[in-house]
Amino acid sequence: MKERSSDLIEKKMIQLILKGEYKANEPLLPERELAVHFNVGRPTIREVLQRLERDGWVTIRNGLPAIVNDYWKHGNLMTIVNILNSYEEIPDEFIHYVLELRIALTPAYVIDAVHHHPLKVISLFASLEDLKDDATAYANFDWELQQNLAGLASNPIYLLILNSFKEVFLRMAEKYFSEPKHRQLARDYYEDLLKTLFQKEIEKTEITIKDMMKKSLEIWRIRTKASEPNEG
């Protein structure tokens with residue numbers, strides 16, 4: 001399906017902001033000049049600017065050109081999705097950031113789910129024995145597991161946050177699980193987590209989750225450090 005002009009222009013403008021060609025706290029060209037530059041009508045530019053404002057990239061001003069925001073200060077969840085979708089291959093540093101976020105977020109919604117629906121949580125691991133040893137299978141299994149766990153939590157915000165990242169999550173997960181040792185680490189984690197659930201020891205469940213999140217981050221740090229070119 002052919003992309004709409006507004007979608008293409010939005011992506012292009014985000015890329016220009018990320019590259020620093022549109023600098024934070026500086027005005028964009030007026031709507032009329034942007035329309036000429038991108039060879040579209042002003043209504044299309046207006047639609048793009050409204051989307052960019054919604055996602056924290058710019059601030060629209062009455063009678064004046066929109067001004068570029070510092071997206072790290074004014075952005076939101078969609079800003080992160082926009083950033084990651086602008087890359088053909090997600091940078092290692094962003095996977096690092098997401099793994100750090102999981103350390104804080106994942107234990108909260110998993111323990112919430114276990115408190116309210118322990119048997120349903122156990123049932124989510126029913127297909128573990130049939131899990132194929134490849135990156136795509138592990139990425140899909142982990143996504144469905146996290147999504148269902150968040151859905152079983154009493155706080156609906158967890159699932160809304162995860163759903164915002166579905167496409168990005170799967171892309172990052174495939175890259176992460178492309179390493180066989182990462183897949184083995186995940187399988188060991190799933191099995192250990194399941195044991196704590198059967199034992200009904202919530203404290204052990206929480207410790208197991210936190211330990212896994214930290215291990216994932218550490219081995220990713222080691223992987224990215226090893227792939228850096230040697231200086232000198």
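A residue counts as buried when its relative accessible area is under 20%. Tyr190 has 1% relative accessibility, so Tyr190 is buried. The model described here is predicted. Its chain is divided into domain 1, residues 5–76, and domain 2, residues 87–226.

**Domains and the UniProt record**

- The centres of domain 1 and domain 2, taken over C-alpha atoms, are separated by 35 Å.
- An unreviewed UniProt entry lists residues 3–71 as "domain: HTH gntR-type".
- Over residues 3–71, helix makes up 54% of the chain and strand 13%.
- The end C-alpha atoms of that stretch, residues 3–71, are 25 Å apart.

**Helix 1**

- Helix 1 covers residues 5–19, which is 15 residues.
- At 1.5 Å a residue, helix 1 should span 21 Å. Its end C-alpha atoms are 21 Å apart, so the model agrees with the expected span.
- The buried residues of helix 1 are Ser6, Ile9, Glu10, Met13, Ile14, Leu16 and Ile17.
- These residues cover an arc of only 160 degrees around the axis, and therefore sit on the same side of helix 1.
- Several elements help to cover the buried residues of helix 1, including helix 2 (31–38), helix 3 (42–54) and helix 5 (77–85).
- Strand 1 (58–61), strand 2 (64–68) and helix 4 (71–74) are also among the elements that cover them.
- Gly20 follows helix 1, and its phi is positive, near 85 degrees.

**Helix 11**

- Helix 11 runs over residues 180–198 and has 19 residues.
- At 1.5 Å a residue, helix 11 should span 27 Å. The distance between its end C-alpha atoms is 27 Å, so the two values agree.
- Among the buried residues of helix 11 are His182, Arg183, Leu185, Ala186 and Arg187.
- Tyr189, Tyr190, Leu193, Leu194, Thr196 and Leu197 are also on the buried list for helix 11.
- Lys200 follows helix 11, with a positive phi near 60 degrees.

**Aromatic rings**

- The structure holds 10 aromatic pairs.
- One of them joins Tyr189 and Tyr190, with 5.8 Å from centre to centre.
- The planes of Tyr189 and Tyr190 are 45 degrees apart, and the pair is tilted.
- Tyr189 has 7% relative accessibility, so Tyr189 counts as buried.
- Ring pairs also link Tyr189 and Tyr190 with Phe125 and Phe141 into a cluster.

Note on methods:
Residues are numbered from 1 along each chain as its sequence is written. This is a predicted model: local features need pLDDT of at least 70, side-chain atom pairs count only at pLDDT 80 or more; totals for chains, interfaces and linings use all residues. Side-chain values use heavy atoms; hydrogens and water are left out. Helices (H or I, at least four residues) and strands (E, at least two) are DSSP runs, numbered from the N terminus. The expected span of a helix is 1.5 Å times one less than its number of residues. Buried means under 20% relative accessible area, exposed over 50%, partly exposed in between (1.4 Å probe, protein chains only). The arc is that of the directions from the helix axis to the C-beta atoms. Contact means heavy atoms within 4.5 Å. Domain bounds come from an automatic or database domain assignment. Rings of Phe, Tyr and Trp (its six-membered ring) pair if their centres lie within 6.5 Å; planes under 30 degrees apart count as stacked, over 60 as edge-to-face and the rest as tilted. UniProt positions are given in the numbering used here, feature names are shortened, and annotations may be inferred rather than shown by experiment.
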